[in-house]
Amino acid sequence: MHLNIDGLGFSYASVPVLDGITLDVSGNELVSILGPNGVGKSTLIHCINKILQPTGGSVFIEGKDVKEVPIKELAKIVGYVPCASKDTFPMTVVDTVLMGRHPHSKWGSLDADLEFVHRTLRLMGVEDLAMRAFNELSAGQHQKVMLARGIAQEPKILLLDEPTSNLDIKHQIEVTRILRDLTRKNGILVIMISHDLNIAAKYSDRVILMHKGTIFSVGEPHEVITEDNLRTVYDVCASVVPDGGRPHVILKDPETPSPVFYDDDIGGMISAEAVESAQAVGQAAAP
């Protein structure tokens, strides 16, 4: 599936939020959108799925402008899970997830749809909640059910706004792995907004770093998540050190000693300062 964004702009009244966003992503990838609050991450997602109408530029899916695609047809292609749903309806979890099948439903398809829903609940590890009332769930359970509803939609592109925001660290990792595996097994493009730099770095195929309504950098995690980029975009000082071939971010505090972490390459603990020193020596020795 090919998503192309060309010169996208959006303003709330007279306040510009997105300014000339141009992006090209395709294939079965997990793509993370990073950036501080207020840079337009959610607005970008909403322009892709027609929740918002851009004030400039276009979004194309498989070469077709989404403005020309009817909402129900677009729902067969693009799924969306919001950051925190305000839904409080007293439906069962099964019925809630079954709503995700609506774009594909037709006469006589209920049994097949229910089978698909139960498979999705098993995938998310919440099958035991099937007959529970959706409005009685914890925040973490609520989030996983909403993710199940998005997956049940069988989209070619799945858009997620902070999908792990209400989950503890164990379930954050579990859900992100499921999303990454979905891209491989189901051949879909998953685009998620994230505020966890290290989870994004560990599991993403590609990272989009946004800054002041524009795309500041796009590429593989090690190309985008760098000390210079974090300093510019987030206004923080951090060490970015290798961890199993992926970047790992350690925030710096001048009032505390340098942190240490486990390095797979040496099989032991090493400080961020030691890594920086070794990198500096290697760069100086390079021809």
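So, disulfides: the structure holds zero of them. I should say right away that this is a predicted model. Two cysteines are worth a look while we're on the topic. Cys 83 has a relative accessible area of 24%, and because buried means under 20%, it counts as partly exposed. Cys 237 is also partly exposed, at 45% relative accessibility.

Okay, let's step back to the whole chain. We have 287 residues here, and 46% of them count as buried. The chain is built with ten helices and 14 strands. How much of the contact list comes from residues far apart in sequence? Taking contacts with a separation of 6 or more, 62% are between residues 24 or more positions apart. As for the outside, the chain exposes about 14,100 Å², and carbon and sulfur atoms supply 52% of that.

Next up, the empty spaces. Rolling a probe the size of a water molecule over the atoms shows where such space is left. The largest pocket comes out at about 390 Å³. Its lining has 19 residues, and the closest to the centre are Ala 75, Val 78, Gly 79, Tyr 80 and Gln 153. If you want to find it on the screen, look for α2 at 71–75, β6 at 78–81 and α5 at 139–152, since each of those supplies at least two residues of the lining. And what kinds of residues line this pocket? By class, eleven are nonpolar, six are polar and two are charged.

Then there's the closed kind of space. How many cavities of 30 Å³ or more turn up in a search of the whole structure? One. The largest cavity has a volume of about 50 Å³. Strand β4, residues 56–61, gives the most to its lining, with three residues. Around that cavity you'll find, among others, Gly 57, Ser 58 and Val 59, along with Asp 65, Val 66 and Lys 67. By class, the cavity lining has five nonpolar, three polar and three charged residues.

Two more residues on that cavity lining are Cys 47 and Lys 50, and they take us to helix α1. That helix runs over residues 41–48 and is mostly covered, with seven of its eight residues buried. Which ones are buried? Lys 41, Thr 43, Leu 44, Ile 45, His 46, Cys 47 and Ile 48. So Cys 47 is a buried residue of α1 that also lines the largest cavity. Just after the helix, Lys 50 takes a positive phi of about 70°.

Let me finish with two spots elsewhere on the chain. One is Asn 135, in the loop between α4, residues 110–123, and α5. Remember that α5 also helps line the largest pocket. Asn 135 is partly exposed, with a relative accessible area of 38%. In space, its C-alpha is 9.0 Å from that of Val 93, though the two are 42 residues apart in sequence.

The other is Glu 223, which sits in helix α8, residues 221–224. Is it buried, exposed or partly exposed? Partly exposed, with a relative accessible area of 45%. Leaving out residues up to four places away in sequence, Glu 223 touches Ser 217 and Asn 229. Its C-alpha is also separated by 9.1 Å from that of Pro 247, which is 24 residues away along the chain.

Terms used
Residues numbered from 1 in each chain as written. Predicted model: local features only at pLDDT ≥ 70, side-chain atom pairs only at ≥ 80, totals over all residues. Heavy atoms only, no water. Helix = DSSP H or I, 4+ residues; strand = E, 2+ residues; numbered from the N terminus. Buried < 20%, exposed > 50% of the residue type's maximum accessible area, 1.4 Å probe, protein only. Contact = heavy atoms within 4.5 Å. Areas by Shrake-Rupley, 256 points an atom, 1.4 Å probe, with all protein chains shown as cover. Disulfide = S-S within 2.5 Å. 1 Å grid on protein atoms, 1.4 Å probe; cavity = no way out; pocket = protein on both sides within 12 Å on 5 of 7 lines; lining within 4 Å. Points joined across faces, edges and corners; volume = space filled by probe spheres on them. Nonpolar A, V, L, I, M, F, W, Y, C, P; charged D, E, K, R; others polar.
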